[in-house]
Amino acid sequence: MPGAISFVEGIAMPAVDKCEEIGAVVEIALESLPAHGELEGEWRDLEQRTDGSFFVGWSWIGCWLASLGGAVGLSLLRATSGGRTVGLGLIARSRERRHGLITSHSLRLHATGRTEFDTLRVECNGFLVDRQLGELVSRRMLDYLVSVDRTWDEIVLDGLWRVPPWPLA
């Protein structure tokens, strides 16, 4: 998985990103999924500092992960600032065939791309982000997905609750 990058005037750069608007340094990385207990602790800690919907809280996400039973490979998109987690999202990669002809490699936020697991769909979806950094972190997390790894053809963001202005200017 790629390491942390930052964005300055829309250019991907190694290291960190200083969110000039708020004076915060934010690092974003797409990582292997940690152990369930570790992820739960980190998720619940951040959840206390967010205004996210029920569907991005641990009560939903934890049950969703348990229902997958390890059948789907997921990655953790994590944003940190000052050593503290300020954004989280679970990303699945899927390969899909459209109309029997077109193959698409997709990234999905809190979904798998597999009917047997996505029958119950997330509503009010989005990244779980610290309310103090909110929209800025969400936009940077989306920019990260768009800019870092171009082995995908589309990003699927089903059921978005709050859509951050994007792309960054």
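**Entry 1: the chain as a whole**

I began with burial: 47% of the 169 residues of the protein chain count as buried. I note here that this is a predicted model. The accessible surface of the chain comes to about 8800 Å², and carbon and sulfur atoms account for 53% of that surface. I then looked at contacts between residues at least 6 apart in sequence, and 62% of them join residues at least 24 apart.

For the fold, I counted four helices and nine strands. Read from the N terminus, the order of elements is β-β-β-β-α-α-β-β-β-α-β-α-β.

**Entry 2: helix H1**

Next I checked the length of H1, which covers residues 36–47. Its twelve residues should span 16 Å at 1.5 Å a residue, and I find the end C-alpha atoms 16 Å apart, so the two values agree.

Which residues of H1 are buried? I found Leu39, Glu42, Trp43 and Leu46. They lie on the same side of H1, because the arc they cover around the axis is only 100°. I also looked up what covers these buried residues: the list includes helix H2 (58–68) and strands S5 (74–81), S6 (84–98) and S8 (128–129).

**Entry 3: the nonpolar cores**

I moved on to the largest nonpolar core, which has 19 residues. Those with the most contacts inside this core are Ile28, Leu77, Ala79, Ile91, Phe127, Val137 and Met141. Strands S4 (24–32), S5, S6 and S7 (102–109) each supply at least two of its residues, as does helix H4 (134–148). H4 gives the most, with five residues.

I picked Leu77 for a closer look. Leaving out residues up to four places away in sequence, Leu77 touches Ile28, Ala29 and Leu30. Leu77 also touches Gly87, Leu88, Gly89 and Ile91, and its list is completed by Phe127, Met141, Tyr144 and Leu145.

There is a second, separate core of 17 residues, and I noted Leu46, Val56, Leu65 and Leu90 among them. Leu46 was already in my notes as one of the buried residues of H1.

**Entry 4: strand S6 and its partners**

How many bridges join S5 and S6? I count eight, in the antiparallel sense. Across this pair, Arg78 stands opposite Leu88 in S6. The S5 and S6 hairpin has two residues between the strands, and Gly82 there takes a positive phi near 60°.

S6 also pairs with S7, antiparallel and over eight bridges. In this pairing I find Ile91 opposite Leu109 in S7. S6 and S7 form a hairpin too, with three residues between them. His99 in that turn has a positive phi of about 55°.

S8 pairs with S6 as well, in the antiparallel sense over two bridges. Leu88 turns up again here, with Leu128 as its bridge partner in S8.

**Entry 5: Thr80**

My last stop was Thr80, which sits in strand S5. Is Thr80 buried or exposed? I have it as buried, because its relative accessibility is 17% and the cut-off for buried is under 20%. Apart from neighbours within four places in sequence, Thr80 is in contact with Val25, Val26 and Glu27, and also with Thr85 and Val86.

How values were computed
Residues numbered from 1 in each chain as written. Predicted model: local features only at pLDDT ≥ 70, side-chain atom pairs only at ≥ 80, totals over all residues. Heavy atoms only, no water. Expected span 1.5 Å × (residues − 1). Buried < 20%, exposed > 50% of the residue type's maximum accessible area, 1.4 Å probe, protein only. Arc of directions from axis to C-beta. Contact = heavy atoms within 4.5 Å. Core = buried A, V, L, I, M, F, W, Y, C linked by side-chain atoms within 4.5 Å. Pairing = 2+ DSSP bridges. Areas by Shrake-Rupley, 256 points an atom, 1.4 Å probe, with all protein chains shown as cover.
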